[in-house]
Amino acid sequence: MPPPSDIVKVAIEWPGAFPKLMEIDQVSLSLFLSPQNRNDIKNGSILRLTTSPVSLAAQLHERIQSSSMDAKLEALKDLANSSRDVTFAQEFINLDGISLLTQMVESGTDFGDLLSFTLTAFVELMDHGIVSWDTFSVAFIKKIAGYVNKSAMDTAVLQRSLAILESMVLNSQDLYQKVAQEITIGQLIPHLQGTDQDIQTYTIAVINALFLKAPEDKRQEMAHILAQKQLRSIILSNVIRSPKPINDEMAHQLYVLQVLTFNLLEDRMMTKMDPQDQAQRDIIFELRRIAFDVECEPNNSGSIEKRKSMYTRDYKKLGFINHVNPAMDFTQIPPGMLALDNMLYFARHHQDAYIRIVLENSSREDKHECPFGRSSIELTKMLCETLKVGELPSENCHDFHPMFFTHDRSFEEFFCICIQLLNKTWKEMRATSEDFNKVMQVVRDQIMRALTQKPNSLDQLKSRLQNLSYTEILKIRQSERMNQEDFQSRPILELREKIQPEIMELIKQQRLNRLCDGTCFRKISSRRRQDKFWYCRLSPNHKVLHYGDLEESPLGEVSHDLLQEKLPVADIKAVVTGKDCPHMKEKGALKQNKEVLELAFSVLYESDEYLNFIAPDKHEYCVWTDGLNALLGKEMTSDFTKSDMDTLLSMEMKLRLLDLENIQIPEAPPPIPKEPSNYDFVYDCN
């Protein structure tokens, strides 16, 4: 037996397996380590052994069929870990590994950790997009849905089951039909009432997927069911107002639900009013009745001409463009019938405010009245643009507004607050009919500034808008204009040109420093909800890109030593962006998403090898594309660079011209004086 000093404790790590602590002597070390490397081995070292993906796939395929429960559990753990690697996944799938896993699930003999790791391995393998989702049996779908429908289920199993159902629905219309038959909204609701935010996130993701894939005629029906089950109230109480902070993935799912809910308005927004439809005309009659407290006159009350004249007068007071036939005002799409729906909601649910606005404006001079009808139509159109009604949800956006989850008719209530704001701003601006577009621009500014503060309730929104009066908006705009003020005289322009290269060099250094710090990128596949990360950073000497996969999102920088892969900068041939990237051409679903296209870029090296990126946001996209272009000696052209250049240049100019404040700078330099008649003069320095 070797002396104790020759024995070291090391963690032996086989591919796809967790490290195992072992005592090993120097003789054994010499079997697979060179003398030089052997000297580096100390207590606590991790020793990684390599096995080919083909051999590893064959071993795990055999081990997961073991009759020993303990051996089978270890094998499934190793399989779940190895399945993240695409090369291994391909080899395991070639051995019909997916079928083996589905059979294990369908058999129903595995529970607890065995089932959890089986489903984890299945999810990881399917994420690579090698196998089509359409290949799975109804029995497998029923089994997965059964785990979701059970009241008491292991958390890990429930998470994986919800993830599988979401992927099935998003990736196959046929599977959407089958999944929709197996699970109901009522069965998903209890998972939102728990305290596990991951489970809540997966549950909302499944609801969103069902909503997104439902045929158009079924979506309104589904929205009605969600309202009946009080989904909005449950999310508000258990998620938004939960003491736990909302993570990025939950924020994304809430944003998607918000977008899908508002998209239900698209049908009304794109529907023109039919001037001959009596039911639609009755809505306009109702607006007139509520505003002027009149009943529909019987046919024998006065002449037809007199009644027409009376209607025309009232419709003019209501602010319609077409006084004779106001139905024609709603033939423009967008906003179509949605504007009329909003006006009727305001008249019925905020009757006092509606009557006050109409009567207040009808008593003003014609040119100073704020036309309620025209304002409502334009405001509805503006709100649809602001909330992007009719657009698909973005892949990377987290921009949900808590206040829209506080009311069942949040869009209509939002309109009611904004139409009162518009009337208030009109009075503050002392506007006339010629100023209509200016007033709408100010109101848009007020609304956008209030929304950026993310009010938690509609009452909070009212309060924020109350503080953003026209006077306050003028002050803010003036302040912004002062900060962006740019002198246009020739000497100033020449000074700008002289300073510009210095500023550009400063921006270049900042971009390269950011690349040296590195960034964590998320791997995106056909299933949106996943936690796969990789990290990339530039070496301090700007000669090598270090990158590698991570188990989870890091809290800070990742050391170069932990990033196994290297790409010399000298080998980089080009940087491509958007639809020119190979990973955008490969993924049909992602190719459709404009947001993802705008964040994609790839580094081409060697002959046809690519390193593919999808930036976490627009800021990181600009930093990385600028930095890579700077490394290649190319121009930095991103919007971020232009913005930085403008800001830094403006600051530098103001600093340099500080001593010239209130001094008029001439457009042309002063003239050079004529030469003296002779040079027979001397200056006595003493």
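In this predicted model, E412 is buried, with a relative accessible area of 12%. The value falls under the 20% limit for burial. The side chain of E412 meets that of R409 in a salt bridge, at 3.2 Å from N to O. R409 is partly exposed, at a relative accessible area of 38%, so E412 is classed as buried while R409 is not.

**Salt bridges**

Side chains of opposite charge can pair when their charged atoms come close. A search of the whole structure finds 25 salt bridges. Three of the pairs are set out below.

| Pair | N to O distance |
|---|---|
| E412 and R409 | 3.2 Å |
| D626 and R511 | 3.0 Å |
| R656 and E652 | 2.9 Å |

In the salt bridge between D626 and R511, the closest N and O atoms are 3.0 Å apart. This pair links distant parts of the chain, since D626 belongs to helix α30 (residues 618–631) and R511 to helix α26 (residues 490–517), 115 residues apart. D626 counts as buried at 1% relative accessibility. R511 is buried as well, with a relative accessible area of 0%.

R656 and E652 form a salt bridge through their side chains, at 2.9 Å from N to O. Both residues lie in helix α31 (residues 639–656), and because they are four residues apart there, about one helical turn separates them. R656 is partly exposed at 39% relative accessibility, and E652 is partly exposed with a relative accessible area of 24%.

Salt bridges also join into a network, which links E286, R289 and R348.

**Aromatic pairs and cluster**

A pair of aromatic rings is described by the distance of the centres and the angle of the planes. The search of the whole structure finds 26 aromatic pairs. One of them is formed by F613 and W624, whose ring centres are 5.7 Å apart and whose planes stand at 35°, so the pair is tilted. An angle under 30 degrees would count as stacked, and one over 60 as edge-to-face. F613 lies in strand β10 (residues 609–614) and W624 in helix α30, so the pair ties together parts that are 11 residues apart in sequence. F613 counts as buried at 0% relative accessibility, and W624 is buried with a relative accessible area of 0%.

Helix α30 thus holds W624 of this aromatic pair and D626 of the salt bridge to R511.

F613 and W624 also belong to one aromatic cluster, together with F521, W534, Y547, F601 and Y621.

**Other arginine contacts**

Two arginines lie over aromatic faces. R288 is placed over the face of Y311, at 4.2 Å from the ring centre. R374 lies over the face of F436, at 3.8 Å from the ring centre.

R537 is found in strand β5 (residues 533–538). With a relative accessible area of 9%, R537 is buried. The side chain of R537 reaches the backbone oxygen of C516, at 2.9 Å. W534 of the aromatic cluster has a number within the range of strand β5, residues 533–538. C516, in turn, has a number within the range of helix α26, residues 490–517, the helix that holds R511.

Note on methods: Residues are numbered from 1 along each chain as its sequence is written. This is a predicted model: local features need pLDDT of at least 70, side-chain atom pairs count only at pLDDT 80 or more; totals for chains, interfaces and linings use all residues. Side-chain values use heavy atoms; hydrogens and water are left out. Helices (H or I, at least four residues) and strands (E, at least two) are DSSP runs, numbered from the N terminus. Buried means under 20% relative accessible area, exposed over 50%, partly exposed in between (1.4 Å probe, protein chains only). A polar contact is a pair of N or O atoms within 3.5 Å; within protein, one must be able to donate a hydrogen and the other to accept it, and residues adjacent in sequence count only if both atoms are side-chain atoms. A salt bridge is a side-chain nitrogen of Lys or Arg within 4 Å of a carboxyl oxygen of Asp or Glu. Rings of Phe, Tyr and Trp (its six-membered ring) pair if their centres lie within 6.5 Å; planes under 30 degrees apart count as stacked, over 60 as edge-to-face and the rest as tilted. A charge sits over a ring if NZ of Lys or CZ of Arg is within 6 Å of the ring centre and within 35 degrees of the ring normal.
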